[in-house]
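Visitor: Hello! Could you teach me how to read a model like this one, feature by feature?

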2 protein chains.
Amino acid sequence: MKSLHDMPEGPGIARVSLDRLFEVAEVLGAMMQRGVAERGLTTARAGVLWALFHDGPMTQRALAGQLGVTPRNVTGLLDALQADGLVDRAAHPTDRRATLVALTSKGRNVTEALRGGRDELAAVLFGDMPPGRLDAFTAGLETVIERLRAADPSGR
Amino acid sequence: MKSLHDMPEGPGIARVSLDRLFEVAEVLGAMMQRGVAERGLTTARAGVLWALFHDGPMTQRALAGQLGVTPRNVTGLLDALQADGLVDRAAHPTDRRATLVALTSKGRNVTEALRGGRDELAAVLFGDMPPGRLDAFTAGLETVIERLRAADPSGR
DNA sequence: GCTACATAGTGAAGTCACTTCACGATATGC
DNA sequence: GCATATCGTGAAGTGACTTCACTATGTAGC
């Protein structure tokens with residue numbers, strides 16, 4: 001009676017592919033962290049800027065939901081971003097408990113620079129890849145994402 | 001004079017691909033963290049076990065080099081792993097300054113379970129993919145890794 | 001053999017991302 | 001008008017890191 005674990009060397013090619021995937025995740029994470037640090041940010045703080053950039057001003061609670069972290073954590077991240085003049089906390093027009101968080105113009109500039117960096121990286125990585133191959137590759141990534149989310153009940 | 005940043009929507013498909021790559025990195029990271037937490041570990045501690053599992057007993061300094069962190073940090077990680085009975089610190093046979101770190105049998109069992117989980121995940125993700133497609137996908141990943149490392153002077 | 005210098009591990013102190021819990025201020029349903 | 005849910009934040013704690021200083025030991029060079 002052979003189970004998965006009895007295989008002499010595991011699932012072979014599939015295992016190598018997964019290892020490559022982990023490797024990409026690691027190197028990409030390191031690269032992003034470095035890019036973001038160059039602009040005086042951390043990945044968590046950059047995530048806040050990114051969310052505000054894409055979805056506009058928001059309540060701290062909404063931001064917490066968007067980022068998948070606790071509201072308390074958002075408070076801390078915003079304290080730092082506000083100290084750097086990248087975001088602004090304003091009174092909510094109708095709910096006096098809430099604060100509306102928005103990017104300052106400086107914050108918008110920084111985030112646009114971040115986006116520029118991402119686009120440059122995309123060009124370096126994929127710019128010369130023939131469309132057919134790139135599409136296939138991206139489809140593969142999407143399949144992986146899908147199955148990963150399906151396999152993980154903690155889904156987000 | 002058009003530069004990359006003047007493009008109305010950026011590099012298009014390439015940008016989407018990179019976003020998918022980030023998404024994979026994120027979801028995969030979350031999944032690994034969850035899998036490892038199920039066995040009472042953290043990703044950093046699991047990394048230590050993994051290194052010892054693959055390369056055998058090692059000096060703390062060597063471990064630090066392998067993991068790309070400071071020796072001081074390794075001390076802390078090992079303290080936790082030792083408290084859980086997963087690793088063992090023994091005197092180095094020839095250098096009395098150094099300690100030789102090795103997996104205990106419990107540590108080996110846990111690490112083998114981790115490996116089993118990885119193999120199962122690999123099977124779920126790639127088990128049913130036709131070899132040709134899988135090879136192409138993995139080659140794509142390797143190209144990405146290569147270029148990422150080339151683009152990052154901090155290379156590891 | 002002894003001095004000079006490099007190296008192995010760790011204490012002390014600090015940063016950053018995160019959490020849970022408690023609490024005051026406000027909104028809201030009935 | 002009052003009970004109750006919700007918004008943000010103080011307090012306290014964890015885990016992964018870092019740098020710096022220090023002790024104990026190895027290793028050259030003379």
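Visitor: Which atom of DNA strand C does a polar side-chain atom of Arg72(B) lie 2.8 Å from?
Guide: A base nitrogen of DNA strand C. Such a pair is a polar contact: two N or O atoms within 3.5 Å; within protein, one must be able to donate a hydrogen and the other to accept it, and residues adjacent in sequence count only if both atoms are side-chain atoms. Phosphate oxygens of DNA strand C are met too: one is 3.0 Å from an N or O atom in the side chain of Thr75(B), and another entry of this kind is a backbone N or O atom of Arg61(B), 2.6 Å from a phosphate oxygen.

Visitor: Before I go on, what sort of model is this, and how are things labelled?
Guide: This is a predicted model, where local features need pLDDT of at least 70 and side-chain atom pairs count only at pLDDT 80 or more, while totals for chains, interfaces and linings use all residues. Residues are numbered from 1 along each chain as its sequence is written, chains are lettered from A and ligands numbered from 1 in the order in which they are written, and side-chain values use heavy atoms, with hydrogens and water left out.

Visitor: How many residues are around DNA strand C, and which come nearest?
Guide: To be near a strand, a residue needs one of its heavy atoms within 4 Å of it. There are 21 such residues around DNA strand C, and Thr42(A), Thr70(A), Arg96(A), Arg61(B) and Arg97(B) come nearest. Of the atoms of DNA strand C that come within 4 Å of the protein, 65% belong to sugar and phosphate.

Visitor: Which helices supply at least two residues each to the surface near DNA strand C?
Guide: Helices (H or I, at least four residues) and strands (E, at least two) are DSSP runs, numbered from the N terminus. Here the helices are H2 (43–55) and H4 of chain A, together with H3 (60–67) and H4 of chain B. H4(A) gives the most, with 3 residues.

Visitor: How does that surface divide by class?
Guide: Ala, Val, Leu, Ile, Met, Phe, Trp, Tyr, Cys and Pro count as nonpolar, Asp, Glu, Lys and Arg as charged, and the others, Gly among them, as polar. The surface near DNA strand C has 4 nonpolar, 8 polar and 9 charged residues.

Visitor: And what surrounds DNA strand D?
Guide: DNA strand D has 22 residues around it, the closest being Arg97(A), Thr42(B), Thr70(B), Asn73(B) and Arg96(B). Sugar and phosphate make up 64% of its atoms that come within 4 Å of the protein. Thr70(B) has a polar side-chain atom 2.3 Å from a phosphate oxygen of DNA strand D. For Arg96(B), a polar backbone atom is 2.7 Å from a phosphate oxygen of this strand. By class, the surface near DNA strand D has 5 nonpolar, 8 polar and 9 charged residues.

Visitor: Let us turn to the protein chains. How many residues of chain B are in contact with chain A?
Guide: Contact means heavy atoms within 4.5 Å. By that rule, 47 residues of chain B are in contact with 47 residues of chain A. Buried area is the accessible area (1.4 Å probe) that two parts lose on being put together, summed over both. For these chains it is about 5,300 Å², with 76% on carbon and sulfur atoms.

Visitor: How many salt bridges cross this interface?
Guide: A salt bridge is a side-chain nitrogen of Lys or Arg within 4 Å of a carboxyl oxygen of Asp or Glu. The rule finds 8 across the interface of chain B and chain A. One of them joins Arg20(B) to Glu142(A), with the closest N and O atoms 2.8 Å apart. On the chain B side, helices H1 (13–37), H5 (105–126) and H6 (131–151) each give two or more residues, and H1(B) gives the most, with 17 residues.

Visitor: Finally, how do I read a sheet, and what is the strand order in chain B?
Guide: Strands of a sheet pair through backbone hydrogen bonds, either parallel or antiparallel. Two strands pair if DSSP finds at least two bridges between them. Chain B has an open sheet of 3 strands in the order E1-E3-E2, with antiparallel pairing. Strand E1 (58–59) and strand E2 (87–91) of chain B each have a single partner strand, so one side of each is left without a neighbour in the sheet. E1(B) pairs with E3 (residues 99–103) over 2 bridges, and 5 bridges join E2(B) to E3(B). Val101(B) in E3(B) stands opposite Met58(B) and also opposite Arg89(B).
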